[in-house]
Amino acid sequence: MNLEFNIAVHLLAFLTKHADERFNSKTLSELICINPVQLRRVTGKLIEHGYVETVRGKYGGYQANETTRSANLADLFNLFTADRSQGRLFTGNTHSDCEISREIANTMEKHRKQEYALLMNYYKTLTVEDVLHETLASV
């Protein structure tokens, strides 16, 4: 999980709740409690993949569309976490004299892939609408 994934889920849940309204990036960034630059980075991907509509101009902004409510969290998780370099993930060195140091990264990479698969399977069972209902139920 990472911040952009959380921003995406928060944004889509908010837009689902307010489906008949349009919000500019300044307002949304304040409501989601993030920097407008972070919001635009996330909304760019969401627009590109059809999860959000945008209208430019004085009365423009971001708005839910027909896929916002049913967006699957596994798809969003994949969109915001797959192929993202997080810097160095593993210890060890393939040129080390220590056999553990040489191989530990390979072993841990297998576990990282299994972890990712477990998360994807978990998130496949959830939609933005599920998150919205769960969030509102705790109010």
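**Figure 1. A salt bridge within helix α5.** E109 is partly exposed, with a relative accessible area of 21%. The cut-off for buried is under 20%, so E109, at 21%, counts as partly exposed. In this predicted model, the side chain of E109 meets that of R112 in a salt bridge, 2.7 Å from N to O. Both residues belong to helix α5 and sit three residues apart, about one turn of the helix. R112 is also partly exposed, at 32% relative accessibility. Side chains of opposite charge can pair when their charged atoms come close. The model has four salt bridges by the rule used here; the next two views show further examples.

**Figure 2. R41 and E4 join helix α3 to helix α1.** The side chains form a salt bridge, with 2.8 Å between N and O. R41 lies in helix α3 and E4 in helix α1, so the salt bridge ties together parts that are 37 residues apart in sequence. Are the two partners buried or exposed? R41 is partly exposed, with a relative accessible area of 45%. E4 is buried, at 10%.

**Figure 3. R69 and E129 link distant parts of the chain.** A salt bridge forms between R69 and E129, whose closest N and O atoms are 3.0 Å apart. R69 sits in the loop between β2 and α4, and E129 in helix α6. The two residues are 60 apart in sequence. R69 is partly exposed, with a relative accessible area of 35%. E129 is partly exposed as well, at 26%.

**Figure 4. The largest nonpolar core.** This core holds 33 residues. Which residues have the most contacts inside it? They are L15, L46 and L76. Helices that give two or more residues to the core include α1 (3–17), α2 (25–32) and α3 (36–48). Strand β2 (61–64) does so too. Further along the chain, α4 (73–81), α5 (99–123) and α6 (128–137) also take part. The top contributor is α1, which gives nine residues.

**Figure 5. The surroundings of L76.** L76 is one of the residues with the most contacts inside the largest nonpolar core. Neighbours within four places in sequence are left aside here. L76 is then in contact with F5, V9 and L12, among others. Its other contacts are L46, Y51, A71 and V128. L46 is itself among the residues with the most contacts inside the core.

**Figure 6. The second largest pocket.** About 190 Å³ of space lies in this pocket. Its lining includes M1, F5, N6, V9, H10 and L73. Y122, Y123, L126, D130, V131 and E134 also line the pocket. Which elements each supply at least two residues of the lining? They are α1, α5 and α6. Helix α1 gives the most, with four residues. By type, the lining residues are eight nonpolar, two polar and two charged. F5 and V9 appear in this lining, and both are also in contact with L76.

**Figure 7. C33 in the loop between α2 and α3.** The loop between α2 and α3 contains C33. What is the phi value of C33 near? Phi is near 70°, a positive value in a residue other than glycine. C33 is exposed, at 66% relative accessibility. The cut-off for exposed is over 50%, so C33 falls in that class at 66%.

Note on methods. Residues are numbered from 1 along each chain as its sequence is written. This is a predicted model: local features need pLDDT of at least 70, side-chain atom pairs count only at pLDDT 80 or more; totals for chains, interfaces and linings use all residues. Side-chain values use heavy atoms; hydrogens and water are left out. A nonpolar core is a set of buried Ala, Val, Leu, Ile, Met, Phe, Trp, Tyr and Cys residues joined through side-chain atoms within 4.5 Å. Buried means under 20% relative accessible area, exposed over 50%, partly exposed in between (1.4 Å probe, protein chains only). Contact means heavy atoms within 4.5 Å. On a 1 Å grid over the protein atoms alone, a cavity is a set of points where a 1.4 Å probe fits but cannot get out, and a pocket is an open set with protein on both sides within 12 Å along at least five of seven lines; lining residues have an atom within 4 Å of a point. Grid points are joined across faces, edges and corners, and a volume is the space filled by probe spheres set on the points. Ala, Val, Leu, Ile, Met, Phe, Trp, Tyr, Cys and Pro count as nonpolar, Asp, Glu, Lys and Arg as charged, and the others, Gly among them, as polar.
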